[in-house]
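Hello,

Here is the structure I promised to pass on to you. Have a look at it first, and then read on for my notes.

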Amino acid sequence: RVKTQLLTRNPGLFKTKRPRVKFPNGDVQEGMIHKISDDPAELIPTSDIVLWTGPVTTTKEVFESIRPYINNQKTAVGTIFAQGLSHLLAQRTFGSDVRPDFCPIVFNPANQIIHPARYWALFRNWRGQPLCGEDEPSEWLYRGMDEVAGEVLVVLDEELQMLKDAYYEATGAEGCKSVIPLRDRLLDQYGDQIEDTSTLAKMVGTNKAYSLAKTPFIRTKKGVMPDPNHRVITDDIGWGLCALVSIAERLEAAGIHTPTTMMRMLIEWHQNLIRPGARGEAAGAVEAELAELRDLQADEDRIGNP
């Protein structure tokens with residue numbers, strides 16, 4: 001029998017051990033939580049699998065908090081969001097014997113290309129002042145994605161697939177074989193939840209599984225502004241596209257060229273969102289993520305581990 005335990009900083013928020021989830025089609029599923037605690041010593045040692053479900057930007061803190069209670073021979077540690085160099089965090093935190101093949105996640109055609117394309121398209125007319133009227137972006141992050149975002153997403157997916165292929169040719173990493181184009185992944189994962197498959201933008205924009213996600217922004221009296229502190233930037237730029245471009249640069253140094261033109265454009269655009277003058281309190285957010293990535297990459301001196 002499987003038992004589910006919940007480690008959270010705020011156990012008091014969970015008033016029931018039988019959470020209920022209602023799906024877009026009206027179906028309801030009820031779960032069962034056997035124990036809820038804010039003390040890792042109470043939960044981790046008895047767990048066979050530990051699954052971290054939070055943003056990549058806080059993975060290091062969480063890994064370090066549970067490290068004293070992890071037995072590598074007994075407990076498997078996994079993450080839902082693990083793009084970028086999360087595998088290096090795992091190795092640094094839990095020991096060098098932890099060397100999983102993270103290629104399917106590092107090159108995963110998901111948030112790290114969908115979010116930058118969509119967010120750029122939503123705020124492409126932003127010039128440092130709140131957007132209002134016809135320029136105000138949609139409140140829905142995915143619903144109704146336009147073809148401008150879709151075309152950018154197509155190019156990002158092409159660059160990602162070429163990068164993955166180049167990496168496979170250079171290293172023979174078997175995990176690369178699991179990385180399929182975004183269109184194929186969406187069809188495999190969501191199937192009949194997608195109403196229109198005519199273009200990539202329509203596939204994302206009519207996916208019922210995506211339909212309730214709202215666009216992160218800051219609302220002011222004069223309109224809305226992009227939110228540089230949201231995970232669509234901190235995770236998918238600092239730990240997504242930046243890591244991919246870094247891999248491309250390592251391949252380039254080895255004489256293997258693969259284009260990253262669109263990735264670099266979107267990295268620069270998103271970085272401009274949080275530079276001084278864009279929003280003072282958020283200045284330096286992406287730069288901090290890049291510094292962390294550079295620190296992690298110092299642990300690696302070969303191409304063979306992305």
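How much accessible surface does the protein have, and what share of it belongs to carbon and sulfur atoms? The surface comes to about 15,800 Å², and 50% of that belongs to carbon and sulfur atoms. Please keep in mind that this is a predicted model.

**The overall picture**

The protein has 306 residues, and 44% of them count as buried. Its secondary structure is made up of 12 helices and 8 strands. If you look at the contacts with a separation of 6 or more, 71% of them come from residues 24 or more positions apart.

**Helix H2 and what it packs against**

A good place to begin is helix H2, residues 59-66, where Thr59, Val62, Phe63 and Ile66 are the buried residues. Why do they end up on the same side of H2? They cover an arc of only 100 degrees around the axis, and that puts them on the same side of the helix. The buried residues of H2 have several partners: strand S1 (5-7), helix H1 (40-43), strand S5 (49-52), strand S6 (76-79) and helix H3 (86-94).

**Aromatic rings**

I also went through the aromatic pairs, and the count comes to 5. A pair of aromatic rings is described by the distance of the centres and the angle of the planes.

One of the pairs takes us back to H2. The ring centres of Phe63 and Phe94 are 5.1 Å apart and the planes are at 55 degrees, so this pair is tilted. Because Phe63 lies in helix H2 and Phe94 in helix H3, the pair ties together parts that are 31 residues apart in sequence. Both Phe63 and Phe94 are buried.

Another pair is Tyr190 with Tyr210: the ring centres are 5.2 Å apart and the planes are at 70 degrees, so the pair is edge-to-face. Tyr190 lies in helix H7 (residues 182-190), while Tyr210 is in the loop between helix H8 (200-205) and S7, so parts that are 20 residues apart in sequence are tied together here. Tyr190 and Tyr210 are both buried. They also belong to one aromatic cluster with Tyr142.

Which rings have a charged end sitting over them? One is the ring of Trp140, where the charged end of Arg143 sits 3.7 Å from the centre. Another is the ring of Phe81, with the charged end of Arg231 at 4.3 Å from its centre.

**A hairpin and a cysteine**

Next, find strand S7 (residues 217-220) and strand S8 (residues 223-226), which run antiparallel and are joined by 4 bridges. With 2 residues between them, S7 and S8 form a hairpin. To pick out one of the partners, start from Ile218, whose bridge partner in S8 is Met225.

From the hairpin you can move on to Cys132, which is found in the loop between helix H5 (111-122) and helix H6 (147-171). Is Cys132 buried, exposed or partly exposed? Cys132 has a relative accessible area of 46%, so it counts as partly exposed. Leaving aside residues up to four places away in sequence, Cys132 touches Lys222 and Gly223. Cys132 and Thr220 are 88 residues apart in sequence, and in space they are 9.9 Å apart, C-alpha to C-alpha.

Happy exploring, and best wishes

Notes. Residues numbered from 1 in each chain as written. Predicted model: local features only at pLDDT ≥ 70, side-chain atom pairs only at ≥ 80, totals over all residues. Heavy atoms only, no water. Pairing = 2+ DSSP bridges. Buried < 20%, exposed > 50% of the residue type's maximum accessible area, 1.4 Å probe, protein only. Contact = heavy atoms within 4.5 Å. Areas by Shrake-Rupley, 256 points an atom, 1.4 Å probe, with all protein chains shown as cover. Arc of directions from axis to C-beta. Phe/Tyr/Trp six-rings, centres within 6.5 Å; stacked < 30°, edge-to-face > 60°. Lys NZ or Arg CZ within 6 Å of the ring centre and 35° of its normal.
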